[in-house]
Every structure is written in C-alpha cells, then in structure tokens.
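The exercises below are meant to be worked with the sequence and the 3D view side by side. Try each task before reading its solution.

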Amino acid sequence: QVQLVESGGGLVQAGGSLRLSCAASGRFFSILAMGWYRQAPGKQRELVARIGSGGSTNYAVSVKDRFTISRDNAKNTVYLQMNSLKPGDTAVYYCTAETVGGGGVLRSWGQGTQVTVSS
C-alpha cells in the first residue's frame, strides 16, 4: 500500500504564490511518474502537471509558464511551485504517483489540498 501526503495549500491573493508538496511512503520498489491534478467545484478533475522518473515534464496549457513541477527522488517527494496565481486556479489539488511494487504498477492518489485564490 502506498500513502501520499500533501501539504502547502491555502488562501492567497491573485498574483501570489504557493508551493505544494507531496511525499510518498509505503511498500514499493520505485516511483515512475508523479503528478498533480485539480478539481474545481462542478468541474471534472484535470491534469495540472506531470513529471516522469527521468525528469521529463508536461503541463496543462492554462498553467504553463506559471507553475513548475519538480521531484526529489531521494525523498520520494513531488513539488508544485505555483506563481502568478489566478482565481481560476482555485480548486482541490490532488497528488498522484505510479509506483512499482510486488504486484506490479499501482497508481495512488493523495487526499487533496485546497487552494483558494482571491481576486
């Protein structure tokens, strides 16, 4: 079983910054891709950013050039640096990780952290 614990959400004014963190723990051999999704009220969950085991990244068009995803493999942790935040970025942000364990590849989700951007 894999646990993902997120931190760093909160309330910020438009134009401000926040940094989300997500640490993975549990029984696994390695972590493949890690990423962040978000879900705003009344909307579907959407990909925000993703980072592969080798460091390759991809971003949603709406956050490109404002958000940066990174990872620390030694700490099994992924980060999302969010700059120039807009009210439209308000959502619950979820961390996800693909881990390799005895049973194969498992995709896990964090519990979510609220990000609220005021205008």
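**Exercise 1. A salt bridge**

Which kind of contact do the side chains of Arg38 and Glu46 make, and at what N to O distance?

*Solution.* Bear in mind at the start that the model is predicted. The side chains of Arg38 and Glu46 meet in a salt bridge, with 2.7 Å from N to O. This distance qualifies because the rule asks for a side-chain nitrogen of Lys or Arg within 4 Å of a carboxyl oxygen of Asp or Glu. As a next step, look at the surroundings of each partner: Arg38 is buried, with a relative accessible area of 6%, whereas Glu46 is partly exposed, with a relative accessible area of 35%.

**Exercise 2. From pairs to a network**

Find how many salt bridges there are by this rule, and work out which residues are linked in a network.

*Solution.* The count comes to 3 salt bridges, and one of them, between Arg38 and Glu46, is the subject of Exercise 1.

Step 1. The side chain of Arg38 also meets that of Asp89 in a salt bridge, at 2.9 Å from N to O. This pair links distant parts of the chain, since Arg38 belongs to strand 4 (residues 30-39) while Asp89 is found in the loop between strand 8 (77-82) and strand 9 (91-101), 51 residues apart.

Step 2. The side chains of Arg66 and Asp89 form a salt bridge as well, with an N to O distance of 2.8 Å. Arg66 lies in the loop between strand 6 (57-59) and strand 7 (67-72), and Asp89 in the loop between strand 8 and strand 9, so the pair ties together parts that are 23 residues apart in sequence.

Step 3. Check the burial of these partners: Asp89 is buried, with a relative accessible area of 2%, and Arg66 is buried too, at 11%. Both values count as buried because the cut-off is under 20% relative accessible area.

Step 4. Putting the pairs together, Arg38, Glu46, Arg66 and Asp89 are linked in a network of salt bridges.

**Exercise 3. Rings and a charge**

Locate the aromatic pair in the structure, and then find the rings over which the charged end of Arg45 sits.

*Solution.* Step 1. A search of the whole structure gives 1 aromatic pair. Tyr37 and Trp109 form this pair, with 5.1 Å centre to centre and 65 degrees between the planes, which makes the arrangement edge-to-face. The label follows because planes over 60 degrees apart count as edge-to-face.

Step 2. Place the two rings in the chain: Tyr37 lies in strand 4 and Trp109 in strand 10 (residues 104-109), so the pair ties together parts that are 72 residues apart in sequence. Tyr37 is buried, with a relative accessible area of 18%, while Trp109 is partly exposed, at 35%.

Step 3. Turn to Arg45, whose charged end sits over the ring of Trp109, 4.8 Å from the ring centre, and also over the ring of Tyr94, 3.8 Å from that ring's centre.

**Exercise 4. Two residues compared**

Decide for Gly35 and for Phe29 whether the residue is buried or exposed, and list what each one touches.

*Solution.* Step 1. Gly35 lies in strand 4 and is buried, with a relative accessible area of 2%. Leaving aside residues up to four places away in sequence, Gly35 touches Ala49, Arg50, Ile69, Tyr94, Cys95 and Thr96.

Step 2. Phe29 lies in the loop between strand 3 (18-26) and strand 4, and this residue is exposed, with a relative accessible area of 68%. With the same neighbours in sequence left out, up to four places away, Phe29 touches Val100, Gly101 and Gly102.

Step 3. Finally, consider separations between C-alpha atoms: Phe29 and Gly104 are 75 residues apart in sequence and 9.9 Å apart in space, whereas Gly35 and Pro87, 52 residues apart along the chain, are separated by 21 Å.

**Exercise 5. The whole chain**

Describe the protein chain by its helices and strands, its radius of gyration and its buried residues.

*Solution.* Step 1. The protein chain has 0 helices and 11 strands.

Step 2. For 119 residues, a compact globule would have a radius of gyration near 14 Å, and the protein chain has 14 Å, which agrees. Along the principal axes, the C-alpha atoms fill a box of roughly 45 × 25 × 20 Å.

Step 3. Buried residues make up 42% of the 119 residues. Among contacts with a separation of 6 or more, residues 24 or more positions apart account for 55%.

Key:
Residues are numbered from 1 along each chain as its sequence is written. This is a predicted model: local features need pLDDT of at least 70, side-chain atom pairs count only at pLDDT 80 or more; totals for chains, interfaces and linings use all residues. Side-chain values use heavy atoms; hydrogens and water are left out. Buried means under 20% relative accessible area, exposed over 50%, partly exposed in between (1.4 Å probe, protein chains only). Helices (H or I, at least four residues) and strands (E, at least two) are DSSP runs, numbered from the N terminus. Rings of Phe, Tyr and Trp (its six-membered ring) pair if their centres lie within 6.5 Å; planes under 30 degrees apart count as stacked, over 60 as edge-to-face and the rest as tilted. A charge sits over a ring if NZ of Lys or CZ of Arg is within 6 Å of the ring centre and within 35 degrees of the ring normal. The radius of gyration is taken over C-alpha atoms; the globule rule is 2.2 Å times the number of residues to the power 0.38. Contact means heavy atoms within 4.5 Å.
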